[in-house]
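Okay, thanks for coming, everyone. I'd like to walk you through one structure today, mostly by way of its charged pairs. Let me put it up.

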Amino acid sequence: PNNINLQNTGKKVILPSSFIGSPRSMHQLYQDSMSIARYFGRIDYFITMTANPNWNEIKSQLLPDQSASDRPDIVVRVFHQKVKAFINDLLKVKYLGNVNAHVYTIEFQKRGLPHMHLLIFVDENSKLREPSDIDKVISAEIPDPNIDPELHNLVLSFMTHSCDERCQINNKCSKNFPKAFHEATTIDKESYAQYRRRNTGQSFRRPYSTSEFDNRHIVPYCPVLLRRYQCHMNVEYCGSIKAIKYIHKYIYKGHDRITLEIQNDEIKQYLDARYISATEALWRIYAFELHNEAPNIVRLQVHLPKEQPIIFDAENTTDIVNQIENSTSTLIEYFNECAKSEHARQYLYQEFPQYYVWNQKKKWKLRKQGFAIGRMYYIPPKAGEIFY
C-alpha cells in the first residue's frame, strides 16, 4: 500500500552480521561454531599461534636497519601463508590425527603481531583418552639441552611465561604461573589436564633475559609443531564438555578496545571501541579471512507463516511490494520440498543441508558432493509463539 511509511516499518539494521567484526557477526560465528560442536562433540585441541617477527621469511625481505614493525605488510603476508600451511599440515599430514572439523579466528595484539585461535575436532581413533596419550602429543617441560638443543632453545624462546603488569590481577598472575610441579600428567575430576612438570632441579635463562625459568613456567606445546613453525604455539588438551562454551566464547571475545562511552549510534560506537593496528589494517586491505570453519555451516531461518524476514532499503520504495510477494526462505522451501519429495521427508529441517544444497535461485537442490551442517537461527524463549 502506498500509505505505508517504510521508515517506520521493520527493524533498522546498521551493522548486519555480514559486516565482519560487528557484534552481530561475532554472535553468528559463535553460534556457527557451537553447531559444529553439537555435531562432532567436544573439542579435542585448543591452539594459539602467534606470528614470529624473526621468521626468516620476514627478515630476508627487510632492508638494512629495518625491523618487522617497520614492515607490517610483510608480517601479515608471511603469517597468512603460515596459517594456510599449518591448516594444510593438520588436514593432510595429520600431525594431530584425523581432523573432522576446525574453527579459527585471527586477532591482533596492540603491539601489532597477528595471532590465531584454533579449535580442532578429531575422529574417534585420534582422540587422547589417557594421560600417556597426552604426553605423546603435548609437553610442558624444558627439553634437555644436551639431548635436543634445538627444541630446548625454541621452548625457552617462545614457550616460557614471564609475568608482567599485563597479566597481574591483585598482584597475582591471571594465568596462574608459575604452575605446581607434577611428576606425571593427570586428568582432574573436571576433565582438565594437569600436565607433567617434573622438578629436575634445573633452571635456565632464555635469550636476552636475566630471569630464570623451570618447568613451572612453561606454556604447553606440541614439540613437532613448535619445531616446524618456530613461533609461540600453545597447544591445550580439551577433555571436558564444560570447556566448549568457554573456549568458543573466548575466540569470539572481540577485538582490542580503547576508551568507549555508551552511545545509540552503532557505527560511532563500533569505531570508538576499536584499536586498529597496522597489521590488522593490512590484513583487511589484503582481504584475508578473519574467520574460517570447516565443514560449512548453513544458517536456517525460523519464522511464523508469512513472517519471513525481508531486507529492503527504506530510501528506495521501488519494487518493494513485488519483493514482498515473491519472497521465500529456507523454511518455506523446506516445506515445499517435503510436500513433493518422499526423499526429503526423511530428514529434519536441521539435517537438510547435509543432503540438500541451498542454491542461488533460493531453492533446495539435492546435494551431489561436499558436506555441510545446518543450524537454525537462535530464537530466545521470550520470543513467544515463534519459540514454541
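Before the pairs, the cut-off I'm using: a salt bridge here is a side-chain nitrogen of Lys or Arg within 4 Å of a carboxyl oxygen of Asp or Glu. And keep in mind that what you're looking at is a predicted model.

So, with that cut-off, take E150 and R227: they form a salt bridge, and their closest N and O atoms are 3.2 Å apart. E150 sits in helix α5, residues 149-158, and R227 in helix α6, so this pair ties together parts that are 77 residues apart in sequence. How covered are the two partners? E150 is partly exposed at 39% relative accessibility, and R227 is partly exposed as well, at 30%.

While we're on helix α6, which runs over residues 223-229, V224 is in there too. V224 comes out as partly exposed, at 45% relative accessibility. Together with V93 and Y95, V224 makes a nonpolar surface patch of about 240 Å².

Okay, back to charges. How many salt bridges does the structure hold? The count is 18. One of them joins E57 to K82, with the closest N and O atoms 3.2 Å apart. Here E57 belongs to helix α2, residues 56-59, and K82 to helix α3, so the link is between parts 25 residues apart in sequence. E57 is partly exposed, at 38%, but K82 is buried, with a relative accessible area of 13%.

Then there's R71 with D73, a salt bridge at 2.9 Å, N to O. R71 is partly exposed at 23%, while D73 counts as buried at 17%. And for anyone who likes networks: D135, E141, R196 and R198 are linked by salt bridges.

Now a quick geometry check on helix α3. With 22 residues, 72-93, at 1.5 Å a residue, helix α3 should span 32 Å, and its end C-alpha atoms are 30 Å apart, which agrees. Just after α3, K94 takes a positive phi of about 60°.

Last bit, cysteines. How many disulfides turn up in a search of the whole structure? Zero. Two cysteines I did look at for cover: C222 is buried, at 4% relative accessibility, and C238 is buried too, with a relative accessible area of 5%.

That's my tour. If you remember one pair, make it E150 and R227, the bridge from helix α5 to helix α6.

Terms used
Residues are numbered from 1 along each chain as its sequence is written. This is a predicted model: local features need pLDDT of at least 70, side-chain atom pairs count only at pLDDT 80 or more; totals for chains, interfaces and linings use all residues. Side-chain values use heavy atoms; hydrogens and water are left out. Patches are made of residues with over 30% relative accessible area and no salt bridge: like charges are joined within 9 Å, nonpolar side chains (Val, Leu, Ile, Met, Phe, Trp, Tyr) within 5 Å. Accessible areas come from the Shrake-Rupley method with a 1.4 Å probe; for residues, only the protein chains shown count as cover. Helices (H or I, at least four residues) and strands (E, at least two) are DSSP runs, numbered from the N terminus. Buried means under 20% relative accessible area, exposed over 50%, partly exposed in between (1.4 Å probe, protein chains only). A disulfide is a pair of cysteine sulfur atoms within 2.5 Å. The expected span of a helix is 1.5 Å times one less than its number of residues.
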